[in-house]
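Student: I have a model open on my screen and I'd like to understand the labels people attach to it. Could we go through a few of them together?

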Amino acid sequence: MRYTDMADELFGSGQGDPGGVRLATVRRGGVTVTRVEVSRDGLARPRGRYVTLETPSLSLLDERDTQVIETAAAELAALLPPSGPVLVLGVGNRRVTADALGPRTVQHVLVTMGHTLPLKGIRPVAAVAPGVSQAAGISLQALAGALVGAVRPAALLCVDSLCSSDPERLGRTIQLSDTGLAPAQPHSGRHLDAAGLGLPVIAAGIPTLMEAAEGRDLVVTPRALDSVIAHGAALLGAAINRALQPRLTLNQLCWLANP
């Protein structure tokens, strides 16, 4: 099997039961939600909770799609601490389309730290896209650690492009987890977790590429990749805003985040 970041592809039907994994699927409106709970170490994915939302092509959706946003926001809120500041980290290279989901999503996040908003009950949120760590000469782990030390959030929420083993799922699924970033690629420099940073690390992403059958040097990306990234980032940003600011309506959030 080609490598994948998607937990339900590793532990779904037909993959066998490795023990220590629980999987459940429900249908919420037009969205299929699959929850995977890994309860022991030593399996293909770290111990924790994973939620996959299967949607129509994200190239056709955006921050106006209430049904998908509300479903994603509810699942994300269940993974986050109920209160306290949150730092949203957009991981990836904005200059490479398939890897630009994180930086593009951060542009849609409602940043409230350092701002005075005319509404009560606003949760403190900071958002940053640190860019490519190789260009700065500092690892992503070191950058994340410095940002966490400066902001002192209750949780870190990382957004990144993901890999899938199924071309039909590219640009059509969202994965959320409370295990941090643990890319399937060996020796990846994008590992960020609670053990390394000392606080809950939540991850959100959309699969935008997969390994081609010919070998690991080739990748496959979805059709309409530009639209998948643009619309997927807008939708994911709206879901993050809704999860972090449940007292505000989607219309209020859209107006505040995109003035």
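Student: Where does Arg152 lie?

Tutor: Happy to help! In this predicted model, Arg152 sits in the loop between helix 5 (140-151) and strand 6.

Student: Why is Arg152 called exposed?

Tutor: Exposed means over 50% relative accessible area. Arg152 has 67% relative accessibility, so it counts as exposed.

Student: What is there to say about the phi of Arg152?

Tutor: Arg152 has a positive phi of about 55°, although it is not a glycine. Most residues other than glycine have a negative phi.

Student: Now strand 4: what makes it mostly covered?

Tutor: Buried means under 20% relative accessible area. In strand 4 (residues 86-90), five of its five residues are buried, so "mostly covered" fits.

Student: Which way do the residues of strand 4 point?

Tutor: Val86, Val88 and Gly90 point one way, while Leu87 and Leu89 point the other way. That goes with a general pattern: in a regular strand the side chains alternate between the two faces of the sheet.

Student: How do you know that strand 4 pairs with strand 5 and strand 6?

Tutor: Two strands pair if there are at least two bridges between them. Four bridges join strand 4 to strand 5 (residues 125-128), and five join strand 4 to strand 6 (residues 155-163), so both count as pairs. Strand 4 runs parallel to strand 5 and also parallel to strand 6.

Student: Which residues stand opposite Leu89?

Tutor: Leu89 stands opposite Val128 in strand 5 and opposite Cys158 in strand 6.

How values were computed
Residues are numbered from 1 along each chain as its sequence is written. This is a predicted model: local features need pLDDT of at least 70, side-chain atom pairs count only at pLDDT 80 or more; totals for chains, interfaces and linings use all residues. Side-chain values use heavy atoms; hydrogens and water are left out. Buried means under 20% relative accessible area, exposed over 50%, partly exposed in between (1.4 Å probe, protein chains only). Helices (H or I, at least four residues) and strands (E, at least two) are DSSP runs, numbered from the N terminus.
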